[in-house]
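This report looks at a single chain through its side-chain pairings and one of its helices. The sequence and the model come first, and the commentary follows.

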Amino acid sequence: MIIKRVLNNNTVISSNSKGVDVLLMGKGVAFGKKKGQPVDMEQIEKTFLLKDKETQSKFTELLINVPMEYILVSEKIINFGKIKLGKNLNEIIYVNLTDHIHSAIERYQEDIILKNPLRWDIARFYPDEYAVGEKAIEIVRNDLGVTFEIDEAAFIAIHFVNAEMDRSSDFAYEIAEITKKIETIIKNHYHTEFDENSLDYYRFITHVKFFAQRLLAGDHYDDEDEELLNTLKHKYEGEYASALEIKEYVQKDFEYELSSTELLYLTAHIRRITKNL
């Protein structure tokens, strides 16, 4: 393979047999090398092939300033996350997580330690991703000798949630806030707490998270269940009243009008988690 570009002493860009750019990493792999010279493949420790050109461009820019050991740690965490979550992840996770770990370590070196106000909510609403975040803290401590506070697990979890949703923004934070607000509306309406280990609660939270995702994306269900909703609102008056409070909240804060189908689903899920009260 021939060097197309030298990023630093440890990283070069080359091309595979299909003409696709490949990032090659290894200690000293580019030392004394120039564009057009062959790569010593015995020195290669890691190969990165990102399909999305924009993501590869961002990752390439990141590699210029980030130590190789941080990149290897990020890859180890991502590989663990893929196994733990069993889901496809947007390639942007390689950029976002590597950048986060690099920035977080720089913060810690300056004694700037951030608290995550949504840590408990992220742990509740995204338990698998939060578990990946906890494992990430362990990997960073073992491989880089930096001990992160537990809040960092929630920050890292969010990167995996966003990668699952195929988004690179902080959507997951907003989803967690909306989910918490809707849950609080129902709790206040019934003056109660919920069994967070129950299957009904899990189904409810899953529904609300997907609803919050649609809300932020501006997507709506088709308004096709008005007749069934009329039946349900008379049968479950309290649950329907609680759903109307949620409707008022999203209308006021997001200018989002709930359809009869969305009200129907909310009423049904509220019924499930409150039926034993």
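## Charges over aromatic rings

In this predicted model, lysine 135 lies over the face of phenylalanine 80, at 5.7 Å from the ring centre. Lysine 135 also takes part in a salt bridge, its side chain meeting that of glutamate 138 at 3.2 Å from N to O. Both residues belong to helix α5, where they are 3 residues apart, about one turn of the helix. Lysine 135 is partly exposed, with a relative accessibility of 27%, and glutamate 138 is likewise partly exposed, at 32%.

A second charge is placed over a ring at tyrosine 249, where the charged end of lysine 181 sits 5.7 Å from the ring centre.

## Salt bridges between separate elements

The structure holds 17 salt bridges, among them one between glutamate 129 and lysine 87, whose closest N and O atoms are 3.9 Å apart. Because glutamate 129 lies in helix α5 (residues 127-144) while lysine 87 belongs to the loop between α2 (68-85) and α3 (92-109), this pair ties together parts that are 42 residues apart in sequence. With a relative accessible area of 5%, glutamate 129 is buried, whereas lysine 87, at 43% relative accessibility, counts as partly exposed.

Another salt bridge joins the side chains of arginine 271 and glutamate 239, at 3.3 Å from N to O. Arginine 271 lies in helix α11 and glutamate 239 in helix α10, so the pair ties together parts that are 32 residues apart in sequence. Here arginine 271 is partly exposed, with a relative accessible area of 30%, while glutamate 239 counts as buried at 8% relative accessibility.

## Helix α7 and a network of charges

Helix α7, which covers residues 171-190, has 20 residues and reaches 29 Å from its first C-alpha to its last, close to the 28 Å expected at 1.5 Å a residue. The buried residues of α7 include the aromatic Phe171 and Tyr173, together with Ile175, Ile178, Ile182, Ile185 and Ile186. The charged residues Glu183 and Lys187 are also buried. These buried positions of α7 pack against α4 (119-125), α6 (151-164), α8, α10 and α11. Histidine 191 follows α7, and its phi is positive, near 50 degrees.

Glu183 and Lys187, both among the buried residues of α7, also belong to a network of salt bridges that links them with Asp121, Arg124, Lys180, Glu193 and Glu196.

## Aromatic pairs

A pair of aromatic rings is described by the distance of the centres and the angle of the planes. For this structure the count comes to 5 aromatic pairs. One of them is formed by phenylalanine 211 and tyrosine 256, whose centres are 6.0 Å apart and whose planes meet at 85 degrees, an arrangement that is edge-to-face. The assignment follows because planes over 60 degrees apart count as edge-to-face.

Phenylalanine 211 lies in helix α8 (residues 199-217) and tyrosine 256 in the loop between α10 (237-254) and α11 (260-274), so this pair ties together parts that are 45 residues apart in sequence. Phenylalanine 211 is buried, with a relative accessible area of 1%, and tyrosine 256 also counts as buried, at 3% relative accessibility.

Methods: Residues numbered from 1 in each chain as written. Predicted model: local features only at pLDDT ≥ 70, side-chain atom pairs only at ≥ 80, totals over all residues. Heavy atoms only, no water. Phe/Tyr/Trp six-rings, centres within 6.5 Å; stacked < 30°, edge-to-face > 60°. Helix = DSSP H or I, 4+ residues; strand = E, 2+ residues; numbered from the N terminus. Buried < 20%, exposed > 50% of the residue type's maximum accessible area, 1.4 Å probe, protein only. Lys NZ or Arg CZ within 6 Å of the ring centre and 35° of its normal. Expected span 1.5 Å × (residues − 1). Contact = heavy atoms within 4.5 Å. Salt bridge = Lys/Arg side-chain N within 4 Å of Asp/Glu carboxyl O.
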